[in-house]
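Reader: I'd like to go through this structure with you and ask where each label comes from. Could you show me the sequence and the model to begin with?

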Amino acid sequence: MPLISQVGRNHFKVRFLLGAITTLLWIGVSLHLFPVWWTFSTSITPYKEIYKIPPALFPRGATLACYKLIFTMFSGSVTITQPFWVYIKNSGIMTGAIMAIQIPVTALAAYALSKLHDPKWSRLLFLVLVGIALVPYQVSMIPLYFLLRDFPFATGYVPKIPFTPIPFPHYNFINTYWAVILPGGYAAFNLLLFKGFFDGIPDELINAARIDGASEIGIFRRIIIPLSKPVFAVVAYMTFSSSWNQFLWPLIVLKKEKLMPIAVGLYRFQEEVNELANVIVPSDEGLLKRMAQGYSWNGVMAMSLIQSIPVFIMFIIFREQLMKGIKLRGFK
Amino acid sequence: MKKVEKVKRAKHKKRAAWIFSLPALFFVIVFGWYPLVLGFRVSLEEYHFITPPTYIGLANFREIFSDPLVPITFRNTFYYTALSIGLTFIIPIIISILLMEMKKNTIRIMMLLWFIPMASMAGNIIWKWFYNSYYGLFNTILVYLGFPTLRWLDDPRIAMLCLVLPGLIMFGPGLMYIASLQSVPNEFYEAAELEGARLGQKIWHITLPRLRPIISMLLLLAIIGNMQIFERPYVMTGGGPGMATTTVVMYFYQLSFQSLIFGKGASLAIILFCVILALIIIQRKYFKENIDV
């Protein structure tokens, strides 16, 4: 409470100001939480209440029917042919793999830059590793697509072995989880975060351990990691939320329904329901049956909440560490 | 003996340095620089489906410059960036400064409630439903209050504003401000107090200069992120009504991955890169990170 001094807090004017700030903040909180609450309340509302004109502000009745969508398949949908747990599983696999590769790869490189390399090499490698972040990813998107389609050729066609009509051996990663995981193997922004933190760890600690005969990897594991828990938490949270939220890239490289992450699944689901909502014919028996299964906006809301839950949980787990760990040094 | 030991250790260190940085170098070169460099080449080529692409020089760029849709998408993107930064960038800063005035426990609870994140696709979809012209929340409220309803995302005049509005109450980076606000020493405020500084003066002369590096950094990231906006307009409006919310990256996606005109798509991406680079340079020039207290 630094801005308003402790001493004058009993003064009427100061108390009034504090009260005003508190009220404002609570109003803001309720505005902020309102969408979440409204989403939840929509998700448990029976579909008949939702498509009413004019809609009811306080709908009656509650049902958990929509949450069954996680386990059951729709009947009669063209775009959504999998139960939602498949999308959740896909997102989980890809996010888990990206975290498992990206965090150690980035942390080790940042540590090497910060503590192990000569200053000359360190500066050069820093340019190579961080410079990539300055160019928007759209520029490399098309060749990256080619690269993953005919690995390791990124030119859009596979050259032929000289004097033969046989193309060079190549591997197609498109429509596999790897197409999403491999480009996420390293992140320049996280390298900045790690390096900023490692730079603050005194060299004496590391040299002392070296004199005691610890191996380099041992030093990293036993000294650096325990000291840098906050920054690991920040990076873990950021990597998690960015890979969980990934949309454009999976949309491009994953064309098989079985492999799509939940963001893409949700998008397709929502598109289809939205089209449906504009052509409601209340007498259509089949349509009503599908809507009762959750094929309506309350189903979409339920699945949106399901998509958000892991992000909520990670935020709560890492909140304390996040506060300690965020020290951005900028591009210096 | 000792010297031998030292040399050995230095050698170990050097070897470890390279072993530790190799995986990252592998990823950044294979999946970063290699496609990036080729991206510039793609913009100079025309793609056919089976035969190798042919070099056509700057023809793709000429085509981009004569495409009447490109100026529209750039205008939309600038409009979105300006609206989004103008309307939503300052709010988390104010909230964080005010939050710090609360009691310790209140800060903890409120921080959780204020900055709780939502998955981005879920957020977009939820807001799209709020804006729905027939059954959406906003029109429901308007009807109950007796006002005429609006068409929100279907109205070309306010569609872009509607895209930006969720940012007013849903935001992420607040935590970063709180983290750096905590590092402001209390003595600064006490000293200012003794000299009779008022509330506004304290914020202006002590708090904001301390937040300057983080504000500058997040402003930079906000500019870069907003210029590349894709997901929100793609999900909420699909670029419509008409072309009112089609952004550059949406047009890029359409060209490259739906119409499969790779060369033209790549040259649009490069032009976007140049524009963003120019913005970064301007921002760096006029908004330095240094604290000058």
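Reader: What makes up chain A, going from the N terminus on?

Author: The elements run α-α-α-α-α-α-α-α-α-α-α-α-α-α. That is 14 helices and zero strands. Keep in mind that this is a predicted model.

Reader: How do you know how confident the predictor is about chain A?

Author: Look at pLDDT, the predictor's confidence in each residue. Chain A has a mean pLDDT of 82, and 88% of its residues reach 70 or more. Residues 328–332 of chain A are another story: their pLDDT is below 50, though the stretch still has nine contacts in the model beyond near neighbours in sequence. Where pLDDT is low, the predicted coordinates should not be read in detail.

Reader: And what are the scores for chain B and for the complex?

Author: Chain B averages a pLDDT of 84, with 96% of the residues scoring at least 70. For the complex, the predictor gives an ipTM of 0.86 and a pTM of 0.87.

Reader: Why is α7(A) called roughly antiparallel to α10(A)?

Author: Start with the angle: helix α7 (residues 188–199) of chain A and helix α10 (residues 229–245) of chain A pack at about 175°, their axes 10 Å apart. Angles over 145 degrees count as roughly antiparallel, so α7(A) gets that label against α10(A).

Reader: Which residues meet there?

Author: From α7(A) come Asn190(A), Leu193(A), Phe194(A) and Phe197(A), and they meet Val231(A), Val234(A), Val235(A), Met238(A) and Thr239(A) in α10(A). By class, the contact of α7(A) with α10(A) has seven nonpolar, two polar and no charged residues.

Reader: What makes α2(B) roughly perpendicular to α15(B)?

Author: Try the angle again. Helix α2 (residues 59–66) of chain B packs against α15(B) at about 70°, with the axes 9 Å apart. The range for roughly perpendicular is 65 to 115 degrees, so α2(B) and α15(B) fit the label. Asn60(B), Phe61(B), Glu63(B) and Ile64(B) in α2(B) meet residues of α15(B), among them Lys264(B) and Leu268(B). The contact of α2(B) with α15(B) divides into four nonpolar, three polar and two charged residues.

Reader: Back to chain A. Where is His170(A), and how do you know whether His170(A) is buried or exposed?

Author: His170(A) is in the loop between α5 (138–149) and α6 (178–181) of chain A. Now count: His170(A) has 13 other C-beta atoms within 10 Å. Buried takes 20 or more and exposed takes 12 or fewer, so His170(A) comes out as partly exposed. Leaving aside neighbours within four places in sequence, His170(A) is in contact with Asp150(A), Phe151(A), Phe153(A) and Val158(A).

Reader: What is special about the bond joining Phe151(A) and Pro152(A)?

Author: The bond between Phe151(A) and Pro152(A) is a cis peptide bond, with omega about 0°. Pro152(A) belongs to the loop between α5 and α6 of chain A. Most residues other than glycine have a negative phi, and most peptide bonds are trans.

Reader: Which residues have a positive phi, then?

Author: Asn175(A) is one of them, with phi near 65°, and Leu260(B) has phi near 60°. Asn175(A) is found in the loop between α5 and α6 of chain A, while Leu260(B) is in the loop between α14 (248–258) and α15 (262–286) of chain B.

Reader: Why is Leu260(B) called exposed, and Asn175(A) partly exposed?

Author: Leu260(B) has 11 other C-beta atoms within 10 Å. The limit for exposed is 12 or fewer, so Leu260(B) is exposed. Asn175(A) has 15 C-beta neighbours inside 10 Å, so Asn175(A) counts as partly exposed.

Reader: How many residues are in contact between chain B and chain A?

Author: There are 82 residues of chain B in contact with 80 residues of chain A. Helix α1 (residues 2–42) of chain B gives the largest share of chain B's side, 20 residues. That side of chain B divides into 65 nonpolar, 10 polar and seven charged residues.

Conventions. Residues are numbered from 1 along each chain as its sequence is written. Chains are lettered from A and ligands numbered from 1 in the order in which they are written. This is a predicted model: local features need pLDDT of at least 70, side-chain atom pairs count only at pLDDT 80 or more; totals for chains, interfaces and linings use all residues. Axes are lines fitted to C-alpha atoms, for helices over the stretch in contact, and angles run from 0 to 180 degrees between N-to-C directions. Helices (H or I, at least four residues) and strands (E, at least two) are DSSP runs, numbered from the N terminus. Angles under 35 degrees count as roughly parallel, over 145 as roughly antiparallel, 65 to 115 as roughly perpendicular and the rest as oblique. Two residues are in contact if their C-beta atoms, placed from the backbone, lie within 7 Å. Ala, Val, Leu, Ile, Met, Phe, Trp, Tyr, Cys and Pro count as nonpolar, Asp, Glu, Lys and Arg as charged, and the others, Gly among them, as polar. pLDDT is the predictor's confidence in each residue, from 0 to 100.
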